[in-house]
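Biologist: I have a new model open on my screen and would like to learn how to read it. Could you walk me through it, one feature at a time?

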Amino acid sequence: MFQMGGVGPTMGQANVFLRYAPEKITCAIERAVSARRAACSKSMERQLAGQRVASPDPDHSIADIALWSWIAGYGWSGVSVDGLPQLKRWM
């Protein structure tokens, strides 16, 4: 659910406003990128603090695969993962 309701929509907004919108609206880009970092990356950091993968399963699960496809594009989306060591490890 986190992938469909959090990571996907916020990453999609960051990509649209930063990469695809014909007019670059600074406040929309800043909001999308900061929302993505705050809502998704920091939530992932907390989740990963006590475990190796995103799901409670000790091995990678479909949740990890679905999340990774969005998270791995952080640089292209203009989002920084600096200060998120658990997220970097997971990637």
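Modeller: Happily! Let's begin with burial: a residue is called buried when its relative accessible area is under 20%, exposed when that value is over 50%, and partly exposed in between. Keep in mind as we go that this is a predicted model. A32 has a relative accessible area of 2%, so A32 is buried.

Biologist: Where does A32 sit, and which residues is A32 in contact with, leaving aside neighbours within four places in sequence?

Modeller: A32 belongs to helix α2. With those neighbours set aside, A32 is in contact with T10, Q13, A14 and F17. Look at A14 in particular: 18 residues separate A14 from A32 along the chain, yet their C-alpha atoms are separated by 4.7 Å.

Biologist: Let me step back for a moment. How many helices and strands are there in the protein chain?

Modeller: The protein chain has 4 helices and 0 strands. Reading along the sequence gives the pattern α-α-α-α.

Biologist: And what share of the 91 residues is buried?

Modeller: Buried residues account for 35% of the 91 residues in the protein chain. For the outside, the accessible surface is about 5300 Å², and 62% of that belongs to carbon and sulfur atoms. You can also ask how far apart in sequence the contacting residues are. Among contacts with a separation of 6 or more, 63% are between residues 24 or more positions apart.

Biologist: Next, the nonpolar core. Which residues make up the largest one?

Modeller: The general idea is to look for buried nonpolar residues whose side chains are joined to one another. Here the largest nonpolar core has 9 residues: M44, L48, A54, L67, I71, V81, L84, L87 and W90. Helices α2 (26-48), α3 (62-71) and α4 (85-90) each supply at least two residues of this core. There is also a second, separate core of 5 residues, which includes A14, A32, V33 and V79.

Biologist: A32 I have met already. What can you tell me about V33?

Modeller: V33 is found in helix α2. Its relative accessible area is 17%, so V33 is buried. Not counting residues up to four places away in sequence, V33 touches A14, S77, G78 and V79. If you want a distance to check on screen, V33 and T10 are 7.9 Å apart, C-alpha to C-alpha, with their positions 23 residues apart in sequence.

Biologist: Now charges. How many salt bridges are there, and which side chains meet?

Modeller: The count comes to 1 salt bridge. The side chains of K88 and D82 meet there, at 3.7 Å from N to O. With a relative accessible area of 42%, K88 is partly exposed, while D82 is exposed at 53%.

Biologist: E45 caught my eye as well. Is E45 buried or exposed, and which side chain of opposite charge is nearest?

Modeller: E45 is buried yet has no salt bridge; the nearest side chain of opposite charge is R89, 7.5 Å away. For a salt bridge, a side-chain nitrogen of Lys or Arg has to be within 4 Å of a carboxyl oxygen of Asp or Glu. E45, which lies in helix α2, does reach the backbone nitrogen of Q86 with its side chain, at 3.0 Å. Leaving out residues up to four places away in sequence, E45 touches L84, P85, Q86 and L87.

Biologist: Then let's turn to Q86. What does the side chain of Q86 make a polar contact with?

Modeller: The side chain of Q86 makes a polar contact with the side chain of R89, at 3.0 Å. Q86 is in helix α4, and a relative accessible area of 24% makes Q86 partly exposed. Not counting residues up to four places away in sequence, Q86 touches E45, L48 and A49. One more distance to try is Q86 to K42: they are 44 residues apart in sequence and 9.7 Å apart in space, C-alpha to C-alpha.

How values were computed. Residues are numbered from 1 along each chain as its sequence is written. This is a predicted model: local features need pLDDT of at least 70, side-chain atom pairs count only at pLDDT 80 or more; totals for chains, interfaces and linings use all residues. Side-chain values use heavy atoms; hydrogens and water are left out. A nonpolar core is a set of buried Ala, Val, Leu, Ile, Met, Phe, Trp, Tyr and Cys residues joined through side-chain atoms within 4.5 Å. Buried means under 20% relative accessible area, exposed over 50%, partly exposed in between (1.4 Å probe, protein chains only). Contact means heavy atoms within 4.5 Å. Accessible areas come from the Shrake-Rupley method with a 1.4 Å probe; for residues, only the protein chains shown count as cover. Lys and Arg count as positive and Asp and Glu as negative; His and the chain ends are not counted. A polar contact is a pair of N or O atoms within 3.5 Å; within protein, one must be able to donate a hydrogen and the other to accept it, and residues adjacent in sequence count only if both atoms are side-chain atoms.
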